[in-house]
Amino acid sequence: MPKKWLFPDDRFFDPDPLQKKTALEIYERIRALPIVSPHGHVDANLFADPAAGFGDPAEMLVLPDHYVFRVFYSQGLDLADFGIPLRSDSSETVETDHRKIWRLFCENFHLLVGTASYNWLGHEFKFVFGIDEIPDRENADRLYDELVEKLASPEFRPRALMDRFNIETICTTDGAADSLSAHQAIRAGGWTDRVRPTFRPDSVMALRSAGFRLEIERLSNASGIEITTFDDFRAALVRRREFFKTMGAVSTDHGVYKPAPKRLPKRKLEAIFARAMNGGADKSDEKKFCGHMLMEFAEMSLKDGFVMQLHPGVFRNHNRQIFDRFGADKGCDIPVRTEFTRNLRPLLNEFGNHPNFKLVLFTLDETVYSRELAPLAGHYPALRLGPPWWFNDSWNGINRFFDSVVETAGLYNLSGFIDDTRAFPSIPARHDVFRRALSNWLAKMVVRSFFGMEDAHGLARLLAYDQPKAIYGL
Amino acid sequence: MPKKWLFPDDRFFDPDPLQKKTALEIYERIRALPIVSPHGHVDANLFADPAAGFGDPAEMLVLPDHYVFRVFYSQGLDLADFGIPLRSDSSETVETDHRKIWRLFCENFHLLVGTASYNWLGHEFKFVFGIDEIPDRENADRLYDELVEKLASPEFRPRALMDRFNIETICTTDGAADSLSAHQAIRAGGWTDRVRPTFRPDSVMALRSAGFRLEIERLSNASGIEITTFDDFRAALVRRREFFKTMGAVSTDHGVYKPAPKRLPKRKLEAIFARAMNGGADKSDEKKFCGHMLMEFAEMSLKDGFVMQLHPGVFRNHNRQIFDRFGADKGCDIPVRTEFTRNLRPLLNEFGNHPNFKLVLFTLDETVYSRELAPLAGHYPALRLGPPWWFNDSWNGINRFFDSVVETAGLYNLSGFIDDTRAFPSIPARHDVFRRALSNWLAKMVVRSFFGMEDAHGLARLLAYDQPKAIYGL
Amino acid sequence: MPKKWLFPDDRFFDPDPLQKKTALEIYERIRALPIVSPHGHVDANLFADPAAGFGDPAEMLVLPDHYVFRVFYSQGLDLADFGIPLRSDSSETVETDHRKIWRLFCENFHLLVGTASYNWLGHEFKFVFGIDEIPDRENADRLYDELVEKLASPEFRPRALMDRFNIETICTTDGAADSLSAHQAIRAGGWTDRVRPTFRPDSVMALRSAGFRLEIERLSNASGIEITTFDDFRAALVRRREFFKTMGAVSTDHGVYKPAPKRLPKRKLEAIFARAMNGGADKSDEKKFCGHMLMEFAEMSLKDGFVMQLHPGVFRNHNRQIFDRFGADKGCDIPVRTEFTRNLRPLLNEFGNHPNFKLVLFTLDETVYSRELAPLAGHYPALRLGPPWWFNDSWNGINRFFDSVVETAGLYNLSGFIDDTRAFPSIPARHDVFRRALSNWLAKMVVRSFFGMEDAHGLARLLAYDQPKAIYGL
């Protein structure tokens, strides 16, 4: 007999009866609040065409989710057997029978036990698709058929789920030169303005990348500004931000290795940009240029009001063999130690006191929670702390975050929850875990008399809903 | 209706009934022990004049407490509106109506919820001033009037509170050239010898500071030794320590950026000192000089028996704009990563095995608790670990400390509690939080059978009272 | 009246009644599983002679255990008074009356309260030797006599305890040139093949050590290969590994300061090796050589199937005074910050995807658990995370480990428990603490509905027994 998902209504809460009762009481008032998702990686095309769907079960739950297939890979399974697409120039082949891929997924599903993904998938199976069984070797085919049938029905189309999930706003992530055609289609169709783009110009900061000049050309074309100098480049970015704003964008996002903003003198800047345009920029050029651009982006935000988001400290594509076969985003991005106190100072000194600027900070290095981020957020008016990100967006991760930052930063300097996912059906699961963790943490404080229930109810709503809306102006 | 402070007698303890009962039993025996406060920043002038008072409510609770107003600043309020004094050369003005400041404080008091300061202030309102209400917009004026009345009565003078708080000893922090006139007045008046100075020579180590030569001149005058060479300088410091000793001092304190003691050859030392006297010392000079001086101070401690306290790892005045307007200690000091294993080695190798030397270490970098500090304290006889400091002097901070260090360092290598505050009325609150956290942690161990109640009672008293007395020789 | 060891059957578990019941239920099924100990430092000579014993109580419990006497040292007691052997060239004397040493140990035993050693010793007293009393000044002599009597009886001989402890396999740690004579004797005597050597070639990587050439000579003799070039050196190591394999070895171990494998070009490598053979290698040579050798050892493992264990990040012999008097392993090894993401990349890129290679990683730097090790283990198929090591092999240490790594790495990428001790009688205590901590943690997950009891039972067995057997091929 297959095992069934547990998911009782009091799941995840600490077991002390009084605390659990308190947590449930707090949770009851926030569980059904609309979802605000100001940062993530869902594909806007899902919503552009009213008839668009998720594909088959493997296409929906396995192929796009590197959180999941990395665990199978770590246990000796080959990504090719999961049908992970190869790089375009590859002569290898991968599994194309999605039912086979699904079977492999189900057979190995137990390897995920204890991970955050296991929870999210459980929520999706049980509450999104109404499937009580935990996948295994025996039920793989049956689950596949059941999911295929459901996914074919109108109520499982992305637009329908958007309503069912009660998503008030969802922001995508888009390149600086992106046409935002999907966003245009969504708006043109008059369906909703709840899907918004986000300006993420990382690719035009990768001076050493083989594709840099192509990126600049794309930026030129998109902005209508011919880019030959740094000033052109900057003007093109500003122009694009204006366009993004007309499409509903409220923020930018920056995935830098080291969060070290620092202005360069104009002369050096032009020289580096010229070298980059000639394909001759080196590592030091790129580093300095990225540092400078963070200052520019903050200055642009001051003018156009875009919230600036920083996601630093990841060694991307750590496993060259996987990168060479499959490309980026295959579960081999590994965090590195990150320093904020000294690194962020130039930006915070120039912009951190300004009422019109908002910087939302993320980290994968939990050691900075109590040492650097909470003291910084407890001082600079422009700074808000994003929630636990990526690997730390988990039950224990969220608990560690609250335990480490609140006593120093307070609760009003936190951004509230941001899901940052590319797996659309997992969004309600992620928000539910956060709301439960938040309720549990507040209950912990209440039963210890740090504050009362009236405060707890207000703070729960603040971090689950009001605060992200307010910070991002949604 | 205003909200009321909760503060039940079993506050903060974990909710499991058996553990809470155990914690209360442990706490009952230590709650009323006298307070020993071997390190802090209370102004000795509060006690010099028997008639001295705390001023009005804003002067007592808002203006001096950067732990508090930094949170308001982080939420977009201006420090000028809180009447925070400007730098002397400023042409700006700040709010001078203290009732208005108080109203602003009360209106925004809810922003502090969840912070350590919220707890301490609650304790002060409820137990020091007998005010049950949590400040808000409505009760601001009423609370102001009530506090003004109370603060005017003799029982709220500092000397009276010293008795009511059951403070057995309190140590202040004083510059190397300080006349200790307040201390002299206290002793001359025959009131008590419970107020003691602490020797903190940081300002004469700041070689690059504009005021360095003035500091040296003050040191010359205070010591009666004309300082032209390093040897003079050292002799003057020794002379001053002798004087501090006659005034009751038992320890020194050192706030260095990096805890990296290392001896310099005599020739280099003299050269650096000469450059400093001529206003030509650079960053590297200062760094080396501070490193050397830590060795000298340890050597002096070996002779005069002063406990050496080290508070490293803070980036002071991180926000230049605030520093330029208001000066130092305005809530913008941010911790940095700190290394002890390699850095402290020269000092520990030269002095760490000596029975006549005691070094009490503090850190704002919790990552070193289990990795470096506990193993070091579990080995070197001269080393004792100070309690969680500053931002980490909080309920969760204290819990993390015990959980991280005890299994490696044992309990006898901890210094016990040290409040390190400049907010005199918060002293009982801080000691009470520590005593509760200690009791709760010991109860956690007892109900898990790591040791029994007899041990727990002894260890509670050890860390709440006996150990700081013994280490500092009070 | 002396205090008695508590050690109830539900010891250490969290007190919530439901969780404790669940933990006990999980623990009951794994408590009696055989012990597999794939890495440690027990002396094989204990088992070579059937009549070998542990000596007197001081020889068994005090003299070899630097976890214990370091705590006494930290409180001002002299190691000489505990009879710790001096370096061979010393003119000092140490206490030789073992009864006196035992008394000192008992008088100061309370200083250990709260440490991991206190627990382990309690388990040994109560369950290995049937002694209910906690040592103190009063019972010291009585306990000494009782232990002497017991240790004289056949049932307390190492071989007898091996059976009573239900140890299925125990691996020792042996130098590259070791004759493994004790292992030969054990096998020749036909008693058992449950004692296996481990290949630890650290001493032949210490290029700057005074004894380096002697070590090479020993390696030459042991391998029968005359070593003049690096190729000879490498061939000798391969030859020795072959011999270790015939004696039952399944793994190698490497105690490097920095886990930074990186290949050197052949020419540089030969030059460095030549300098080392002439006694002229410098710090940089040694560092590069060690980095290169880690790559070589991984390559050898790929061929001979030895599991590669890495124990990095310790500043050995931090206290020069103690090292000069007593030598190595005297409780003054202090951890340092350790970086894995960037450092390990060359090795993981070359070998980390290979199904025939297994790397078990240890660390004393807990900050890398969630940031680096869990993401790495959740991706690379060759990587498994060793359990909390040394100072972190403690109740809270184990809890922090599970809380930090599982949600990212899953449970199948952990190695399960490895005791790493030189104190043979403490082995059951250490495994019992781990099994309890594991059961408690799994119960925590079960009562929060992260997974069910069937999963918990399977995972408990996996990490207590099956997984180390499988990884090490035992």
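Two residues are taken to be in contact if their C-beta atoms, placed from the backbone, lie within 7 Å. The model shown in these views is a predicted one.

**View 1. The copies in this predicted model meet through different surfaces.** Only 5% of the interface residues of chain B are also interface residues in chain A, so the two copies meet through different surfaces. Chain B can be superposed on chain A by a rotation of 120° with 0.0 Å of shift along its axis, at an RMSD of 0.0 Å. The two copies are thus related as by a three-fold rotation axis.

**View 2. The contact between chain B and chain A, seen from the residues of chain B.** Chain B brings 43 residues to this contact, and chain A brings 39 residues. On the side of chain B that touches chain A, at least two residues each are supplied by α4 (66-74), α6 (116-128), α14 (320-326), β9 (334-335) and α17 (395-409) of chain B. The largest share of that side, 4 residues, comes from α4(B). Sorted by class, the side of chain B that touches chain A holds 20 nonpolar, 15 polar and 8 charged residues.

**View 3. The contact between chain C and chain A, seen from the residues of chain C.** Here 39 residues come from chain C, while 43 residues come from chain A. The elements of chain C that give two or more residues to the side touching chain A are α1 (17-30), α15 (345-351), α16 (368-377), α17 (395-409), α18 (427-447) and α19 (453-472). It is α16(C) that gives the most to this side, with 7 residues. By class, the side of chain C that touches chain A is made up of 15 nonpolar, 13 polar and 11 charged residues.

**View 4. Chain A as a whole, with its 19 helices and 11 strands.** The radius of gyration of chain A is 23 Å, close to the 23 Å that the globule rule gives for 474 residues, so chain A is as compact as a globular protein of that length. Along its principal axes, the C-alpha trace of chain A spans about 70 × 60 × 45 Å. Of the 474 residues in this chain, 56% count as buried. Among the contacts in chain A between residues at least 6 apart in sequence, 77% join residues that are at least 24 apart.

**View 5. The two domains of chain A and the contact between them.** Chain A is divided into domain 1, which takes in residues 17-50 + 165-472, and domain 2, which takes in residues 54-156. The centres of these two domains of chain A, taken over C-alpha atoms, are separated by 28 Å. Their contact draws 17 residues from domain 1 of chain A and 19 residues from domain 2 of chain A. On the side of domain 1 that touches domain 2, the elements giving two or more residues are α14 (320-326) and α18 (427-447) of chain A. The largest share of that side, 5 residues, comes from α18(A). By class, the side of domain 1 of chain A that touches domain 2 of chain A has 6 nonpolar, 4 polar and 7 charged residues.

**View 6. A sheet of chain B and the loop residue B:A44.** In chain B, an open sheet of 3 strands follows the order β1-β2-β4, with parallel pairing. Its edge strands are β1 (35-37) and β4 (195-196) of chain B, each of which pairs on one side only. Strand β2 (residues 167-171) of chain B pairs with β4(B) in the parallel sense over 2 bridges, and B:I170 stands opposite B:V195 in β4(B). The residue B:A44 lies in the loop between β1 and α2 (45-48) of chain B. B:A44 counts as buried because it has 22 C-beta neighbours inside 10 Å. Leaving aside residues up to four places away in sequence, B:A44 touches B:T172, B:A182, B:H183, B:I186 and B:V195. One of these partners, B:A182, is 138 residues from B:A44 in sequence, yet the two are 5.7 Å apart in space, C-alpha to C-alpha.

**View 7. Strand β2 of chain C and its pairing partners.** In chain C, 4 of the 5 residues of strand β2 (residues 167-171) are buried, so this strand is largely enclosed by the rest of the structure. Strand β1 (residues 35-37) of chain C runs parallel to β2(C) and is joined to it by 3 bridges, with C:V36 standing opposite C:T169 in β2(C). Strand β4 (residues 195-196) of chain C also pairs with β2(C) in the parallel sense, over 2 bridges. In β4(C), C:R196 is the bridge partner of C:C171.

Notes:
Residues numbered from 1 in each chain as written. Chains lettered and ligands numbered in written order. Predicted model: local features only at pLDDT ≥ 70, side-chain atom pairs only at ≥ 80, totals over all residues. Nonpolar A, V, L, I, M, F, W, Y, C, P; charged D, E, K, R; others polar. Rg over C-alpha atoms; globule rule 2.2 N^0.38 Å. Buried ≥ 20, exposed ≤ 12 C-beta atoms within 10 Å, placed from the backbone. Least-squares fit on C-alpha atoms with pLDDT ≥ 70 in both. Pairing = 2+ DSSP bridges. Domains from an automatic or database assignment.
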